Amino acid sequence: MILDKRFICQNTGMIVKIVQSCTSTFDEIGTYDAIIAGRQTNGVGRGDHTFYCPDGGLYIVMRVQGVHIDPHTLTPAVGLAVHDTVQAVLGLNTQIKWVNDIYYKGKKAVGILCKTVRKAEYLIGIGINYCTDPNELIKAGLGDIAISLQAPTARASEFVAGLLRTVKRATIASFDSERYARLCINIGKDVEFVHNGVKVRGFAESIGGDGSLIVRIGNATVAVDAGEVSIIREAPQNTENK
């Protein structure tokens, strides 16, 4: 996949670096405003997780700065920006799994990771299975949980430019928690997460104004603002004749 660097720079006003492959875009961004790679050999996920980054993906890290950026809503705001760009440029409908995954047809297509560099400066990582060969995901044992957008390579430069612009705008706009909740697949589901060192279950009710997941546990509610939240799936009922 070939990206038009000049087009992206002209349409974003950013100084952009494009590489075919690197270890991690977080390590390679240097002083650039953004870096885009087509492959990573050591992709970084949340916590101690890795992120599988084969050919055909778009692996982006962009830098945003400003005291007006709210670090609490940064990741969910970026999630909305990714959803909007996929819909506007590619015409595909996606959903969001709190707090940093974009789902397409029930599987993960995009992962988001935001890091604080220093006060009022952040690096936003976005890994997209843009036109990844589905067989690569299957061979990696990810066929049941990950999916490729199978988007056209001819629109990749337009998509990247649109994404960078939309993310930048989202970082300085008011976070729309209600719209996020409508797109969030956790809402209305039983979920499981670790709270105060203990694994607990509850019912995901809404999204707080600060981007937290509001979970009801009995008569109390908890605002989950970090960590892994799993959706509890009921076992399928046996419908065979007895």
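This passage describes one sheet and the cysteines of a predicted model.

The sheet is open and has 5 strands. Their order is E13-E12-E11-E10-E14. The pairing is antiparallel. Strand E13 covers residues 220-224 and strand E14 covers residues 229-231. These two are the edge strands, and each of them pairs on one side only. Within the sheet, neighbouring strands are turned against each other by 40° on average, with direction ignored.

One pairing can be followed in detail. Strand E12 spans residues 213-217. It pairs with E13 in the antiparallel sense, over 5 bridges. Ile217 stands opposite Ala220, a residue of E13.

The cysteines come next. A disulfide is a covalent bond between the sulfur atoms of two cysteines. The structure holds 0 disulfides. Distances were examined for Cys22 and Cys184. For Cys22, the closest cysteine sulfur belongs to Cys53 and lies 8.5 Å away. A disulfide requires the two sulfur atoms to be within 2.5 Å, so the sulfur of Cys22 is too far from that of Cys53 for a bond. For Cys184, the closest cysteine sulfur is in Cys114, at 16 Å. That distance is also too far for a bond.

Both cysteines were also assessed for accessibility. Residues count as buried under 20% relative accessible area. Cys22 has a relative accessibility of 8%, so it counts as buried. Cys184 has a relative accessible area of 5% and is therefore buried.

Technical notes:
Residues are numbered from 1 along each chain as its sequence is written. This is a predicted model: local features need pLDDT of at least 70, side-chain atom pairs count only at pLDDT 80 or more; totals for chains, interfaces and linings use all residues. Side-chain values use heavy atoms; hydrogens and water are left out. Two strands pair if DSSP finds at least two bridges between them. Helices (H or I, at least four residues) and strands (E, at least two) are DSSP runs, numbered from the N terminus. Axes are lines fitted to C-alpha atoms, for helices over the stretch in contact, and angles run from 0 to 180 degrees between N-to-C directions. Buried means under 20% relative accessible area, exposed over 50%, partly exposed in between (1.4 Å probe, protein chains only).
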